[in-house]
Amino acid sequence: MHITGQMLIGSRDVTGSQAAIRGIDPATNEALDPPYNGGTQDDVNTACELAAQAFRTYRKTSLEERAGFLEKVAERIEAIGDALIERAHRETGLPLPRLQGERARTVGQLRLFARELRRGDWIDARVDCALPERQPLPRSDIRLQYIPVGPVAVFGASNFPLAFSVAGGDTAAALAAGAPVVVKGHSAHPGTSELVGRAVREAVQECGLPEGVFSLLFGSGSEIGQSLAKHPAIKAVAFTGSRSAGVSLMKTAAARPEPIPVFAEMSSINPVFLLPGALAQRAADVARGFVQSLTMGAGQFCTNPGLVIGLKSAELDAFIQAATEGVKNADSATMLTPGIYSAYQQGVEHLKGQAGATLLAEGKLDSDRSNQCQARLFTAQADAFLAKPHDLGIEVFGASSLVVVCDDEAQMLQLIEKLEGQLTATLHMTEDDTELADRLVDALELKVGRILVNGYPTGVEVCDAMVHGGPFPATSDSRTTSVGTAAIYRFLRPVSYQDVPDAVLPPALKRANPWGIPRREA
Ligand code: NAP
């Protein structure tokens, strides 16, 4: 498979007519071929109208047909072979083993959604049979199922060029739900996007599905991205990226004549709480694991541990000393784009300029390569953090973290009160810490989407019980997750059928239950 620099609009290859975007090798700043000319409003219209047409039949496909389609997408992505990994490496600077792992995760989550489709329990079919003899009034026959909302606009993420991009988690969840997808490819990895987009299109064709089930557009976010979110055929938006772009999409979606939901995953600093028992037992080990989690992938994870909180003590000092050494010895790593590198540098300068923050350590720097993330570790007293939580608690996307030293447990709890919504919170604890852990969990579950103990927040398992979400600004809608099988609910809505004859009921609700799915019957 080779790349041409074109958009994929249904079954057609379309050359854009707007300014060209090129992938950039961030390690050298070399611009890569081919150029990708951006799409126009007409291209957005065509992709969205095809998606609306496709929705009419795609939403009616059987669970087995859709499961087979997702498995075919996975197979076609694997068939691209090394060319995909090599192109993604050039465009993102991410190491080859990381990208190989990410491809495995991408095809794994497509297959997980295929399994989910076959289970059928996500349809949440409910049957309340008629009670004609009920007094004082009879009850009608009422049945409920979840149906897809309609075509979904997906914005590929820069930091997961495979697992959260063209055929990533958002696309897999939407296609599983029965919703066609129009992707706005991320400008940082257009070649990778085209390769994966072609694999999805092959699967659409091989499965005999309508062409509008999938389209891939290129162009600037503020033009193509905004037009997509405004198009009347689009019924939901899925996004991973910056807080400013996510909020802008939320405003656009809310201002439409028909407002639509936006599922944006944006900003999180993922606090890590070091409890006294754990520090007394293993301060140096915890520091080692923390530095690994902080510096992995140049810290470009939404779950990067950007805030560490402990109680003033000799044991916390030992952790700080070990973490400081670890950060000083950490190699620099290439960041995804010059823009992300520059935002990282600005974030670090911002923290350096804060009166309450002290720089503890700077990592190594490979000055032969461009856009290098040099790890940073800062510290601050809790009083200073509590006085300026928005200045000291900012997300610095990259390998930077702040250790906050609290005088007592009450200050730890005050600090939680001041935190914005988060994807994760982590506790390092032993049995001796149970009482404090219980109070912290009680406060944290109101602030975060996932609480983990004696681990590190990076590395998000794709499974049934995962929540990768949380209150704003972690996401735009705390009721959902963007990772795991529960992510399908973002693109579904419930419909009740009251006294509808069996011949007219959808298969999931017919009396004979022809799909054999689990149902709640009363
Ligand atoms: P971004 O600037 O938010 O871009 C993400 C996508 O949104 C791109 O396709 C972009 O298009 C589009 N976009 C940008 N502004 C838009 C707007 N006003 N309306 C509609 N679409 C818009 O994110 P990024 O370039 O990936 O990284 C920048 C920063 O985002 C990072 O430094 C980091 O702070 C944050 N980030 C967070 C996460 C996370 O997981 N939470 C992940 C990645 C990045 P174009 O670029 O093509 O214009």
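1. Start with helices H2 and H6, which are oblique to each other, because their angle falls outside the other classes (under 35 degrees is roughly parallel, over 145 roughly antiparallel, 65 to 115 roughly perpendicular, and the rest oblique). The axes of H2 (residues 63-80) and H6 (residues 190-206) cross at roughly 135 degrees and come within 8 Å. Axes here are lines fitted to C-alpha atoms over the stretch in contact, with angles running from 0 to 180 degrees between N-to-C directions. Helices are DSSP runs of H or I with at least four residues, strands are runs of E with at least two, and both are numbered from the N terminus.

2. Keep in mind that this is a predicted model: local features need pLDDT of at least 70, side-chain atom pairs count only at pLDDT 80 or more, and totals for chains, interfaces and linings use all residues. Residues are numbered from 1 along each chain as its sequence is written, and side-chain values use heavy atoms, leaving out hydrogens and water.

3. Back to H2 and H6: their crossing is right-handed (the near helix is turned clockwise from the far one by less than a right angle; anticlockwise would be left-handed). Who touches whom? Among the residues in contact (heavy atoms within 4.5 Å) are Phe69, Val73 and Ile77 of H2, and Leu195, Ala199 and Glu202 of H6. By class, this contact has 10 nonpolar, no polar and four charged residues (Ala, Val, Leu, Ile, Met, Phe, Trp, Tyr, Cys and Pro are nonpolar, Asp, Glu, Lys and Arg charged, and the others, Gly among them, polar).

4. Now look at H3 (residues 82-92) and H4 (residues 96-119), whose axes are 10 Å apart at an angle of about 125 degrees. They are therefore oblique to each other, and H3 passes H4 in a right-handed crossing. The contact includes Leu84, Ile85 and His89 of H3, with Leu99 and Arg103 of H4. Its residues split into five nonpolar, three polar and two charged.

5. Next, the sheet. Four strands form an open sheet with mixed pairing, in the order S23-S8-S7-S24 (two strands pair if DSSP finds at least two bridges between them). S23 (492-498) and S24 (520-521) are at the edges with a single partner strand each, so one side of each has no neighbour in the sheet. S7 (residues 126-128) runs parallel to S24, joined by two bridges; Val127 has Glu521 as its bridge partner in S24.
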